[in-house]
Amino acid sequence: MYVDSHCHLSFPELRERMPEIRAAMAAADVDRALCICTTLEEFDEVHALATAYDNFWCSAGVHPDNEDVREPSVDDLIALAARPRVVAIGETGLDYYRLNGRSIEEMAWQRDRFRVHIRAAQATRLPLVVHTRSASDDTVSILREEGAAAGVFHCFTETEAVARAALDLGFYISFSGIITFKTAEALRDVARFVPLDRCLIETDSPYLAPVPYRGKTNNPAYVPYVARQIAMLKALPVETVARATSANFERLFQLPPLTPITS
Ligand SMILES: [Zn+2]
Ligand SMILES: [Zn+2]
């Protein structure tokens, strides 16, 4: 049984297809998923998924790429985190990939927003779901400065040094379909390095479908392809990777072991 630790089922590509996606998940032995929130405006819809289905949970947070959306306060996030089935704060973090002509200095609003999420995570004792792109130094130093102690670096694409820093902070590392891409040899080396008891698997659907579905719309039923790639890299049976990443998911998000699928 596999867990998709990061997906966006409220996005338009997926939300109308829930019965089909849930059937595909059941057929692929994917028994649980964490639905990730990216704006306050979107929260109710993400939360509705987690309350409608007993094998979905959700997070509360505002993605660093989202501008022109409601800016969250620590209190906003604490209030959302108190709702049932909210098990994480995020996704949050830093993304300097699309600066649109701005300097890194001018991205202070992203760093402020990140700190707000970290403080909410500490107040609620929930783990952080961290997004980092072209910004790993600042991401790690802000987590360190704020004393963040629990969470996951999702859709990991950074170096072994960044992985080591994340592990030292007590964070987990989540791998996506990117590790199946032909050009991702360096990332596969990082996956070989990260201990299995600190690995999670995710789709980040609807994006980043793994090979052999690369370029198509992703969904949680494809997460076993990520597990198979990790199994190959670590020369382990895929069942071992499935079991370990599921146990890691339960440990990080403080969930009881396995809820049976009810459709
Ligand atoms: Zn992300
Ligand atoms: Zn995401």
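Reader: Which residue in strand 5 is the bridge partner of Gly90?

Author: This is a predicted model, in which local features need pLDDT of at least 70 and side-chain atom pairs count only at pLDDT 80 or more, whereas totals for chains, interfaces and linings use all residues. Residues are numbered from 1 along each chain as its sequence is written, chains are lettered from A and ligands numbered from 1 in the order in which they are written, and side-chain values use heavy atoms, with hydrogens and water left out. Strands (DSSP runs of E, at least two residues) and helices (H or I, at least four) are numbered from the N terminus, and strand 4 pairs with strand 5 (residues 128-133) in the parallel sense over six bridges. Within strand 5, the bridge partner of Gly90 is Val129.

Reader: In what order do the eight strands of the open sheet stand?

Author: Two strands count as paired if DSSP finds at least two bridges between them, and in this open sheet the pairing is parallel. Strand 1 (2-7) and strand 8 (199-201) stand at the edges, each with a single partner strand, so one side of each has no neighbour in the sheet. The order of the eight strands is 1-2-3-4-5-6-7-8.

Reader: By how many degrees are neighbouring strands of this sheet turned against each other on average?

Author: Axes here are lines fitted to C-alpha atoms, for helices over the stretch in contact, and angles between N-to-C directions run from 0 to 180 degrees. For neighbouring strands of this sheet the direction is ignored, and the average turn is 30°.

Reader: Which residue of strand 3 is the bridge partner of Ala33?

Author: Strand 2 (residues 30-35) and strand 3 (residues 56-60) run parallel and are joined by three bridges. Strand 3 is in turn joined to strand 4 by three bridges, again with the two running parallel. On the strand 3 side, the partner of Ala33 is Phe56.

Reader: At about what angle does helix 3 run to strand 3?

Author: Contact means heavy atoms within 4.5 Å, and helix 2 (residues 18-27) packs on the sheet by touching strand 2 and strand 3, with its direction at about 130° to that of strand 2. Helix 3 (residues 43-52) lies across strand 2, strand 3 and strand 4, and its angle to strand 3 is about 155°.

Reader: How many of the 10 residues of strand 4 are buried?

Author: A residue is buried when its relative accessible area is under 20%, exposed when over 50%, and partly exposed in between, with a 1.4 Å probe and protein chains only. Glu91, which lies in strand 4 (residues 86-95), is buried with a relative accessible area of 2%. Strand 4 is largely enclosed by the rest of the structure, because the count of its buried residues is 10 of the 10.

Reader: Which residue bridges the zinc ion (ligand 1) and the zinc ion (ligand 2)?

Author: Donors are N, O and S atoms within 2.8 Å of the metal (3.2 Å for Na, K and Ca), and sites may look incomplete because water is not among the atoms. The zinc ion (ligand 1) has as protein donors Glu91 (OE), His131 (ND1) and His154 (NE2), at 2.0 to 2.1 Å, and the zinc ion (ligand 2) has His6 (NE2), His8 (NE2), Glu91 (OE) and Asp204 (OD), at 2.0 to 2.6 Å. The two ions lie 3.5 Å apart, and the residue that bridges them is Glu91.

Reader: Why is the arrangement of the four donor atoms around the zinc ion (ligand 2) irregular?

Author: Four donors count as tetrahedral if all angles lie between 85 and 135 degrees; four count as square planar and six as octahedral if opposite donors are over 155 degrees apart and all others between 65 and 115, and anything else is irregular. The arrangement around the zinc ion (ligand 2) is irregular because its four donor atoms subtend angles of 84 to 175°.

Reader: Which residue's side chain is joined to that of Arg32 by a polar contact of 2.9 Å?

Author: Arg32 is found in strand 2 and is buried, with a relative accessible area of 1%. A polar contact is a pair of N or O atoms within 3.5 Å; within protein, one must be able to donate a hydrogen and the other to accept it, and residues adjacent in sequence count only if both atoms are side-chain atoms. At 2.9 Å, the side chain of Arg32 is joined in this way to that of Glu250.
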